[in-house]
Amino acid sequence: MMNRKTLFAAVIGLALLAGVPLFTANSYYVHMVITIMIYAILLYGLDIVVGYTGQVSLGHAGLFGVGSYTAGVLFMKLGAPLWVIIPASIGVTAAFGALLALPALRVTGPYLAMVTLAFGTIIQILINEMTFLTEGPLGITIPKPSLFGQKLSEQGFYWLVFALMVLSLVVVHRILKSQLGRAFEALRGSPVASDCMGVSVYRYKVYAFVISAGFAGLAGCLYAYSEQYISPNTYNFELTVLFLLAVIMGGRKTRSGALLGAAIIVILPKLLDDLELFRIVASSLAVLISVGAVVGVLRKMTTPKAMAIPVIGTIALAGFSFWLESITDWRLSIFGLMILFVVYYLQDGIVGFARSLFARKSPAADSVSVDGLDTSRDAVMMAAKAGTHETGTDLLVANGVLMQFGGLKAINQVDLRIKRGTIHGLIGPNGSGKSTMMNVLTGIYVPTAGSIVFAGRSVVGRTSSDIALSGIARTFQNVQLFGEMTALQNVQVGLHHTFDSNILDVSLHTPRYKREEKAAIERGMGLLNFVGLGDLATEEARNLPYGKQRLLEIARALALDPQLLLLDEPAAGLTAPDIKVLINIIRKIRDHGITVILIEHHMDVVMSICDAVSVLDFGQKIAEGKPAEVQADEKVIEAYLGGTAT
Amino acid sequence: MEILLQLVYSGIALGMIYAVIAFGYQLTFQTSDTLNFGQGDALMLGAMVGLTLVNMGMNYWMMLPLVIVFGLIQGGVVERIAVRPAIKIKSEFGWIMSTIALGIIFKNVAENIWGRDDLKFPSPLPESPIKLFGANVLPMEILVVVGAVLMMLAVEFFNRKTIYGKAVVATFNDRDAAKLMGINTGLVITFSYALSSATAAFAGALIAPLTLTGATMGSVLGLKAFAVAIIGGLTSGMGIIVGGIILGVAETTTGFYLSTGYKDVPGLVLLLLVLAYKPAGLFGKSAIKKV
């Protein structure tokens, strides 16, 4: 799927990298490039967590240490050979990653950052204190490994690391382009929607951490061999922050960014040892930024106010560099400043910035080719596994559902019977409990009391993703798309359940994976065509107009092959012609045998397509029946228009 | 038994310090849903500035208000540089990374100004222990407890009784509504950061005579105080005092009975466990997620 030009450039770049030991015999440079490649392996993994799932991990230095120490201890205690140590390091570190993911499961954002930080700190303490295993602060010495009975030279080791780096690159790239990568990205876009698409947030968060930890383990193990001596102080907080700086500075969600970031954090400290050079770099940076700012302001790309801080900042830095006696001690401050700069002025990293300069489309945009695929087939038809059942039987039965938030009864003793193959309207004034009902049905809330049986199985107490997989799909009142993903990828997340491929299939691109991926593109395009978004398949979801976003949500929900589709105000904010299209789509969905529950405020929509309507008011069901009957019901009129009951 | 009681005393003193730092986390979290990951470094700066003032010949008690003023300024700077731009672009990643970055910078600057070695902070009170219920307690430990409680009470009093405090509380409750009522919520957030760093700096000056003072003293303290903030719940005032004391005692006893090398472990493990099983904390209420 990779663009031909990019592939070509990548191959050339890697070939050059492979040749480094041939160009220079200086072991200082060879060792430096080895370190860069080792860091790059770790950063590929870290990027899964930071770039794709969007979480901050401050525990990767700890995981890196686990990898190193697994290698060190295995060698010291058992004299284990390389081919045992590498898999063991990966395995042990991945297990630690799973351990880290456990407390991380229920929390996100700052909590997760603190959890990972605590984890990293514990690891460092353990390495320091468990002297019987790790020799504590003394550290462990480990010689270069032997391969096929021969001890590797610095050059030989270089090529070993290079080979493993390329292997990691390919594996990570394949994982991230597969359904697994889409699942990771979906977590970032909208956790709630991921769960409701059958992609369990819990499970994929653990996967992300485990895979990421595996790479950290590999990197740690190679690092131990490369340095030939490991001690606990290496794996500290600063290293973790350095890794994060590398990921965001190089550019999230790109492999070239990880390599570039690794190069920066390895080379920069060495540059900083040379004060003269630092003065030159700081001065030229100041000149560069100032010129850039002036050009930017003249071309009206930016405002003087926005550019003031970076210009003043870099000039101050240059001045600072001439005042300093020695720069080495200020290394961490420089890194801190770089983080601040990247966070606010270079959010997409260097690679992302270069891309936007050359105004290329985002990488996702050129990755779909529908040549030779049959996308005209009726994609929804396949979804209608409900078609085998007779219409008219009960699909969903809710009895006495009570949802209480503190003292508030958002839903109070509501019974609901949804017949197969019908469109069931759920209406009521704002705050009457309609959306709460949706959330209860899809497992986002667990009802305080009452029973809900869907297709013969109780829903209460099951997770959202489990319920989704058993056949209830939904859309959201506040659109919950995966914004940074394309329309097609959004639908493909819904198709996640059609994949049986595991991580091996994905890494090796086995026929099974290729078949499933092709089918997913085919189905996905078919579903987009069904809602009329076929032309916008490669557009990022956040760039779509509001009405189209609502349609995309429907297509994504249909991808789940649901028996029951919950539509939460699909017509809200739509124009009159769009509403007509929507009504047609909902009818077609029903004609495919999918049962629909429709929450809507547009009465004309409700009245024209619903087979039955339930009315909620203050959490209670006040009326039910055919649309016309409900419309004439006094209680309903009162609820909507006010007045006193007689 | 006497030893245990003594460990409990020093645990309580330590715990109150955690509670004060955790209190600082609560202040900013409630106004802006953000935290200063460099809170521990704010504490360290407070202790360092305090030490410098004392070494210049200033009286310990005169130094405390100056340290608080320094903390106010430092917190305001953190908010302006690291938090405000991130709130503006609604980037959670942004404020996490930039407060971490500022924390590193503060630590590095402190290393360069005051050196890398731990320094002794002269105690303002007699260093001979006094007997309390049959066990020894340092006068300084009593001062820490009293000072911490007073600091928290002062902030609470300010929030409840003054009009400016009401603006802060209003922002606690609903940032958008407060903004619509004409409250300058941006200023309130800056103020909450200033207060938060001031409490941390004050805590630093309090604890410094009991421990050694050094550029790295803050990092782990900040993390463990976060554990306390989580255990207590980011919205519960009583919780952090209880949580702080639990952690402080757990730590002093671990340090004594197991090994001082492991003394940080109970707090960190507690943090992991609480977040794994009860993310809202033992005393906090869990928020209902809105879809």
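**Exercise 1.** Which residue of β12(A) is the bridge partner of A:His424?

Solution. The model is a predicted one. Begin with the strands: β7 (residues 423–427) and β12 (residues 595–599) of chain A pair in the parallel sense, over four bridges. Within β12(A), the bridge partner of A:His424 is A:Ile597.

**Exercise 2.** Place these strands in their sheet and find which strands stand at the edges.

Solution. Write down the strand order of chain A, which is β10-β11-β12-β7-β13-β14 in an open sheet of six strands with mixed pairing. The edge positions belong to β10 (472–474) and β14 (620–625) of chain A; each has a single partner strand, so one side of each has no neighbour in the sheet. From one strand to the next, the twist averages 20°. Then add the helix: α19 (residues 434–441) of chain A lies across β7, β10, β11, β12 and β13 of chain A, and runs at about 150° to β11(A).

**Exercise 3.** Describe how α12(A) and α17(A) are oriented to each other.

Solution. Take the axes: those of α12(A) and α17(A) come within 3 Å and cross at roughly 5°. Angles under 35 degrees count as roughly parallel, and α12(A) and α17(A) are therefore roughly parallel to each other. Next, list the contact residues: A:Ile248, A:Met249 and A:Gly250 from α12(A), with A:Gly349, A:Ile350 and A:Val351 from α17(A). By class, this contact has four nonpolar, two polar and no charged residues.

**Exercise 4.** Which element gives the most to the side of chain A that touches chain B?

Solution. The contact takes 38 residues from chain A and 33 residues from chain B. On the chain A side, α5, α6, α12 and α16 of chain A give two or more residues. α6(A) gives the most, with 14 residues. By class, this side has 29 nonpolar, six polar and three charged residues.

Conventions. Residues numbered from 1 in each chain as written. Chains lettered and ligands numbered in written order. Predicted model: local features only at pLDDT ≥ 70, side-chain atom pairs only at ≥ 80, totals over all residues. Contact = placed C-beta atoms within 7 Å. Nonpolar A, V, L, I, M, F, W, Y, C, P; charged D, E, K, R; others polar. Axes fitted to C-alpha atoms, helices over the stretch in contact; angles between N-to-C directions. Parallel < 35°, antiparallel > 145°, perpendicular 65-115°, else oblique. Pairing = 2+ DSSP bridges.
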